Amino acid sequence: MTKRVIVDADSCAKRVRNYLLSRAKKNQIDLYLAANKNLLEGGEPELSANIKMIVCPKESQAADNWILQNAAPGDLVVTRDIPLAAALVKKNIRVMNDFGKAFDKQNVERALKERELAMQMADLGLGTRRRDSYGQKEFELFAQSFSKEIQA
């Protein structure tokens, strides 16, 4: 059973953050949202005793560094950041993205190589334009994967 859920909230879809907040309240899951600003203002659900918004300095990688320093085996981290996911997997911490993909030692290494190749191609002007859509299908995949991971 998962000890805590830690979210790299800067890049996490708002729909996923709201879902995690709701699940944390309902199931008394300890939830930590790490970001460079408070993302719970403006109509999102209020905090409860088991939910913490970690506001990190506005420096680059501050939220990632907080997550890396504070996550421990037994936690589940949600992030889109592939280098962060790789560092966490090396520490034997379970990681998934907000599209529902769980990372392990094999697929995170592949994802790092794909990211590096995409960056090199973009530097050469050969990169394809990235669509960053997040719809019902992506959310449902996340919710299904999250339910499985939270029980592991």
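Before anything else, one definition: two strands pair if DSSP finds at least two bridges between them. Helices (H or I, at least four residues) and strands (E, at least two) are themselves DSSP runs, numbered from the N terminus.

Hello everyone, and thanks for coming. What you see above is a predicted model, where local features need pLDDT of at least 70, side-chain atom pairs count only at pLDDT 80 or more, and totals for chains, interfaces and linings use all residues. Residues are numbered from 1 along each chain as its sequence is written, and side-chain values use heavy atoms, with hydrogens and water left out.

Let's start with the overview. The protein has 5 helices and 6 strands. Read from the N terminus, the elements go β-α-β-β-α-β-α-β-β-α-α. Of the 152 residues, 43% are buried, where buried means under 20% relative accessible area, exposed means over 50%, and partly exposed lies in between (1.4 Å probe, protein chains only). The accessible surface is about 8900 Å², and carbon and sulfur atoms hold 51% of that; these areas come from the Shrake-Rupley method with a 1.4 Å probe, and for residues only the protein chains shown count as cover.

Now to the sheet. In what order do the 6 strands of the open sheet lie? The order is 3-2-1-4-5-6, and the pairing is mixed. Strand 3 and strand 6 (102–103) are the edges, each pairing on one side only. As a reminder, strands of a sheet pair through backbone hydrogen bonds, either parallel or antiparallel.

Please find strand 1, residues 4–8. Strand 1 runs parallel to strand 2, and 5 bridges join the two. R4 has D30 of strand 2 as its bridge partner, and D8 has A34. On to strand 4: strand 1 pairs with strand 4 in the parallel sense over 3 bridges, with V5 opposite L76. Why is strand 1 described as largely enclosed by the rest of the structure? Because 5 of its 5 residues are buried. R4, I6 and D8 point one way from strand 1, V5 and V7 point the other way, and all are buried. So for anyone wondering about the charged residues there, R4 and D8 are in that buried set.

Strand 2, residues 30–35, is also largely enclosed by the rest of the structure, because 5 of its 6 residues are buried. Strand 2 is joined to strand 3 (residues 51–55) by 5 bridges, and these two run parallel. A34, which we just met as the partner of D8, stands opposite I54 in strand 3.

Strand 1, helix 1 (residues 14–27) and strand 2 together form a right-handed β-α-β unit. Right-handed here means that, with the strands pointing away from the viewer, the path from the first strand over the helix to the second runs clockwise. In the loop between helix 1 and strand 2 sits Q28. Its phi is near 55 degrees, a positive value in a residue other than glycine, and at 56% relative accessibility Q28 is exposed.

There is another residue of this kind: Q61, in the loop between strand 3 and helix 2. Q61 has a positive phi of about 70 degrees although it is not a glycine, and at 42% relative accessibility it is partly exposed.

Next come the helices on the sheet. Helix 2 (residues 62–70) lies across strand 1, strand 2, strand 3 and strand 4 (76–78), at about 160 degrees to strand 1. Angles run from 0 to 180 degrees between N-to-C directions, with axes as lines fitted to C-alpha atoms, for helices over the stretch in contact; contact means heavy atoms within 4.5 Å. In helix 2, A62, A63, D64, W66 and I67 are buried. The buried residues of helix 2 pack against strands 1, 2, 3 and 4, and also helix 3 (82–90). Helix 5 (residues 136–151) lies across strand 1, strand 4, strand 5 and strand 6, at about 175 degrees to strand 5.

Over at the strand 6 edge, strand 5 (residues 94–96) and strand 6 run antiparallel, joined by 2 bridges. V95 stands opposite F103 in strand 6. Is F103 buried or exposed? F103 is buried, with a relative accessible area of 9%.

Finally, cysteines. How many disulfides are there? The count is 0, where a disulfide is a pair of cysteine sulfur atoms within 2.5 Å. C12 is buried at 5% relative accessible area, and C56 is buried too, at 7%.
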